[in-house]
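Student: Could you go through this structure with me, starting from the inside and working outwards?

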Amino acid sequence: MNAIGQSSAQFALRDPDVRLMLRVRADEVGAFEELVQTFQGRLVSIMFHMVGNREEAEDLAQEVFLRVFKSRKSYHPKAKFSTWLFTIANNLALNSIRNRKKKPSVPFVASESGTFHQIPADLRLPPKEEHPSSQIQNDELAQVIQKALEGLNERQRMAVVLNKYEDMNYADIASVMELTPKAVKSLLSRARLNLKEALKAYIYMDQGFGEIRSEEA
Amino acid sequence: MTPEKNEIDGDAFQDREELYSAYLDGELSDKEARDFEARLASDPEERRRFQQLKETWNLLDYLPAPEVTTNFTARTMDRLEKITRHSTARIPLSDSLPGFAFVAGLVVLFVLGFLGMNAYLRDPNKEMDLVKDLRVVENLPMYQEIKSISFLKRLDEPELFGDEVSGSQGQ
């Protein structure tokens, strides 16, 4: 291993998640269960934002964990563990969405429990003109946002989810999605434009958020 | 294409939107960020466009993260155990396949060798060869004394023994 490889491996070993994964690789009793408990919330959340259905999100998250277990012996720490984990998640989520596109489906809607279900056409959200933005409740807004996310292509959606909900920078997202940071920048920019278009009727209901720095000045 | 996009050419529009996006994501250098903030401060229209993008992004905070079902870990471990058990049931066969193949190969070679040798020993031609060569076999110790073919050929020369015969006759 060269000097760069050594330093990146040493850097990775400082990551407690890497050390946990190394315990999984060594077949240490209880380590894999600990890994599942550590990452289940984040993985299910990513998958939920990608597919819009909690049951499917949990199935996909389980599949990610099983793949982690199966490939544990070939794991070599090079970067943050979450980057490796989310790369597997990204591939699975994109495959799942592409497979789903091949099958006919109806839109998803959120129930009070937060689970999204397929609903018949007559129960779908009415056109937004019927809902003044100031009266929309948070759960309805969540539904609208989920639909806006689903309107993005799967790569834009994954970039948004990793950036917004995992707080990942362009370099890490690029690593997960096997793209260049420049491509990620472009993906996120186009995703924001699409979201702005899809959510423009709801933008000004959000006046409670902080002002931009230039306005504060 | 949005009306805004018609106002400027495509590349400039894309560059501007990427700049907004990179600023929101904290991906600009300090100098780039300061320059951008100066632009926002001096241009109300730019500030409005940027504010729209920022608020759109903030709307995503309203999307709740789902709670993982309480038995998720247990279900995952069960699923893993089923797969592992299934694999374990199959793994010995697949893992020991080379061993089985080696042993099977040895058995096949042994059987073929046995059958081949048996067939060779029972070959009637082989028995005929033995009969044909019987006199050679019987005299093999004597033939081995001869050492070389040339010596044997010289023994066959009549003059070699002819002189001795005539000489003895002369005595």
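Tutor: We can take the core, a surface patch, the salt bridges and the aromatic pairs in turn.

Student: What should I keep in mind before reading any values?

Tutor: This is a predicted model, in which local features need pLDDT of at least 70 and side-chain atom pairs count only at pLDDT 80 or more, while totals for chains, interfaces and linings use all residues. Residues are numbered from 1 along each chain as its sequence is written, chains are lettered from A and ligands numbered from 1 in the order in which they are written, and side-chain values use heavy atoms, with hydrogens and water left out.

Student: OK, how many residues are in the largest nonpolar core?

Tutor: That core has 78 residues, and those with the most contacts inside it are Leu35(A), Met50(A), Val64(A), Val160(A) and Leu162(A). A nonpolar core here is a set of buried Ala, Val, Leu, Ile, Met, Phe, Trp, Tyr and Cys residues joined through side-chain atoms within 4.5 Å, where buried means under 20% relative accessible area, exposed over 50% and partly exposed in between, with a 1.4 Å probe and protein chains only.

Student: Which helix gives the most to this core?

Tutor: Helix H3 of chain A, residues 31–51, does so with 12 residues; helices are DSSP runs of H or I with at least four residues, numbered from the N terminus.

Student: And what is Leu162(A) in contact with?

Tutor: Setting aside neighbours within four places in sequence, the contacts of Leu162(A) include Ile46(A), Phe86(A), Met168(A) and Ile173(A), contact meaning heavy atoms within 4.5 Å.

Student: Switching to salt bridges, how many are there over all chains?

Tutor: The count comes to 19 over all chains, a salt bridge being a side-chain nitrogen of Lys or Arg within 4 Å of a carboxyl oxygen of Asp or Glu. In one of them, Lys73(A) meets Asp27(A) at 3.0 Å, N to O. Lys73(A) lies in the loop between helix H4 (54–70) and helix H5 (81–101) of chain A and Asp27(A) in the loop between helix H2 (16–25) and H3, so the pair ties together parts that are 46 residues apart in sequence.

Student: What about Lys80(A), which residue does it form a salt bridge with?

Tutor: Its partner is Asp172(A), with the closest N and O atoms 3.3 Å apart. Lys80(A) is in the loop between H4 and H5 of chain A and Asp172(A) is in helix H8 (residues 170–177), so this pair ties together parts that are 92 residues apart in sequence. Lys80(A) is partly exposed at 39% relative accessible area, whereas Asp172(A) is buried at 18%.

Student: Any salt bridge within a helix of chain B?

Tutor: Glu81(B) and Arg85(B) meet in one at 3.4 Å, N to O, and, being 4 residues apart in helix H5 (residues 72–95) of chain B, they are separated by about one helical turn. Glu81(B) is partly exposed at 44% relative accessibility, and Arg85(B) is exposed at 51%.

Student: Last topic, how many aromatic pairs over all chains?

Tutor: There are 11 aromatic pairs over all chains; rings of Phe, Tyr and Trp (its six-membered ring) pair if their centres lie within 6.5 Å, and planes under 30 degrees apart count as stacked, over 60 as edge-to-face and the rest as tilted. Phe81(A) and Trp84(A) have ring centres 5.9 Å apart and planes at 50°, so that pair is tilted. Phe81(A) is buried at 0% relative accessibility, while Trp84(A) is partly exposed at 26%.

Methods: Helix = DSSP H or I, 4+ residues; strand = E, 2+ residues; numbered from the N terminus.
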